[in-house]
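Colleague: I'd like to learn how to read a structure like this one. Could you walk me through it, one feature at a time?

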Amino acid sequence: VRNLQEFGATEITMLINQCIFFPLQTGLSGSLETLCGQGYGAKMYHMMGVYLQASIITSAFFSVLVSLLWFYSEPVLIFLRQDPEVARTATLFLRYSIPAQFAYGFIQCTLRFLQTQSVVTPLVVFALLPLVLHFGITHAFVHYLGFGYAGAGMSTSVSLWLSFLMLAAYVCLSERFKHTWEGFSTEAFRHVLPGLKLAIPSAVMVWLVHK
């Protein structure tokens, strides 16, 4: 906070992402390493899909809370003695990046689900392809369409959602996961609170490491 006045809008948004958003979502999905790992080892394949859905629900809930912080980040930054113009610009980026945090959280959950099944190569493909597309998407939003700084947030959201949708389509359509992903189930809601017992300590641990 002492040196916050020296930061520009780009540095502010990076700081918020690195200190709050990325550690939170990465940590929350960490519970799947234990739950899906146990389910896979015990051949309780059906439960892996249930755990995945429960983790996605948890991720979505915390994404809503973070979205409120991002939406009203301008008065918060000004309270922390940030330059008003920098606070306004940073908030503009964060507001248009709100959809991105939902996608990022869902991606992290899906990655844990796949990693516990030793799926590696598709993860590389679905990571590199959106990255390549991201350059074109960003150029289109920022320069061609003229959205400027807001366009950078929009392009981040679009790219991350493309990545998640590709991962989701792969899981839903591949025969490889016919036992571990059997479709949506209301059973997932019963595992949200038990999953939090692992997710919250995992999120705190990751946050402390990034801090």
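Colleague: Let's start with charged pairs. How many salt bridges does the count come to?

Modeller: The general idea is that side chains of opposite charge can pair when their charged atoms come close. Keep in mind that this is a predicted model. With a cut-off of 4 Å between nitrogen and oxygen, the count comes to three salt bridges.

Colleague: Which side chain does glutamate 33 meet in a salt bridge?

Modeller: That of arginine 112, with 3.2 Å from N to O. Glutamate 33 sits in helix α2 (residues 31–41) and arginine 112 in helix α6 (residues 98–115), so this pair ties together parts that are 79 residues apart in sequence.

Colleague: Is arginine 112 buried or exposed?

Modeller: Buried means under 20% relative accessible area. Arginine 112 has 11%, so it counts as buried. Glutamate 33 has 48% and counts as partly exposed.

Colleague: And what does glutamate 85 pair with?

Modeller: Glutamate 85 forms a salt bridge with arginine 88, and their closest N and O atoms are 3.0 Å apart. Here's the general idea: an α-helix has 3.6 residues a turn, so residues three or four places apart point the same way. In this case both residues lie in helix α5 (residues 84–96), three residues apart, which is about one turn of the helix. Glutamate 85 is partly exposed at 45%, and arginine 88 is partly exposed at 39%.

Colleague: Which residue does arginine 190 form a salt bridge with?

Modeller: Glutamate 187, with the closest N and O atoms 3.8 Å apart. Look at the cover on each partner: arginine 190 is exposed at 59% relative accessibility, whereas glutamate 187 is buried at 18%.

Colleague: Let's go back to α6. How many of its residues are buried?

Modeller: 16 of its 18 residues are buried, so α6 is mostly covered by the under 20% cut-off. As for its length, α6 reaches 26 Å from its first C-alpha to its last, close to the 26 Å expected at 1.5 Å a residue.

Colleague: Which residues is glutamine 108 in contact with, leaving aside its neighbours within four places in sequence?

Modeller: Glutamine 108 is in contact with Gln25, Thr26 and Ser29. Glutamine 108 is found in helix α6, and at 9% relative accessibility it counts as buried.

Colleague: Now the outside. Which residues make the nonpolar surface patch?

Modeller: Phe61, Leu65, Leu68, Phe71 and Tyr72 make a patch of about 520 Å². Take leucine 68 as an example: it lies in helix α3 (residues 45–71) and counts as partly exposed, at 49%. For the protein chain as a whole, about 11300 Å² is exposed, and carbon and sulfur atoms supply 70% of it.

Colleague: What about the loops? Where is lysine 43?

Modeller: Lysine 43 is in the loop between α2 and α3. The thing to look at there is the backbone angle phi, which is near 60 degrees, a positive value in a residue other than glycine. Lysine 43 is exposed, at 62% relative accessibility. Serine 118, in the loop between α6 and α7, also has a phi near 60 degrees, and serine 118 is exposed at 58%.

Colleague: How far apart in space are proline 122 and tyrosine 170?

Modeller: They are 8.6 Å apart, C-alpha to C-alpha, while 48 residues apart in sequence. Proline 122 lies in helix α7 (residues 121–144) and counts as buried, at 17%.

Colleague: Stepping back, how many helices and strands does the protein chain have?

Modeller: Nine helices and zero strands. Of its 211 residues, 45% count as buried. Among the contacts with a separation of 6 or more, residues 24 or more positions apart account for 80%.

Colleague: Last one: which element has the lowest mean pLDDT?

Modeller: Helix α1 (residues 9–29) has the lowest, with a mean of 68, and α3 has the highest, with 93. The mean for the protein chain is 84, and 88% of its residues reach 70 or more. Over residues 1–7 pLDDT stays under 50, and the model has 11 contacts beyond four places in sequence for that stretch.

Notes. Residues are numbered from 1 along each chain as its sequence is written. Side-chain values use heavy atoms; hydrogens and water are left out. Helices (H or I, at least four residues) and strands (E, at least two) are DSSP runs, numbered from the N terminus. Buried means under 20% relative accessible area, exposed over 50%, partly exposed in between (1.4 Å probe, protein chains only). The expected span of a helix is 1.5 Å times one less than its number of residues. Patches are made of residues with over 30% relative accessible area and no salt bridge: like charges are joined within 9 Å, nonpolar side chains (Val, Leu, Ile, Met, Phe, Trp, Tyr) within 5 Å. Accessible areas come from the Shrake-Rupley method with a 1.4 Å probe; for residues, only the protein chains shown count as cover. Contact means heavy atoms within 4.5 Å. pLDDT is the predictor's confidence in each residue, from 0 to 100.
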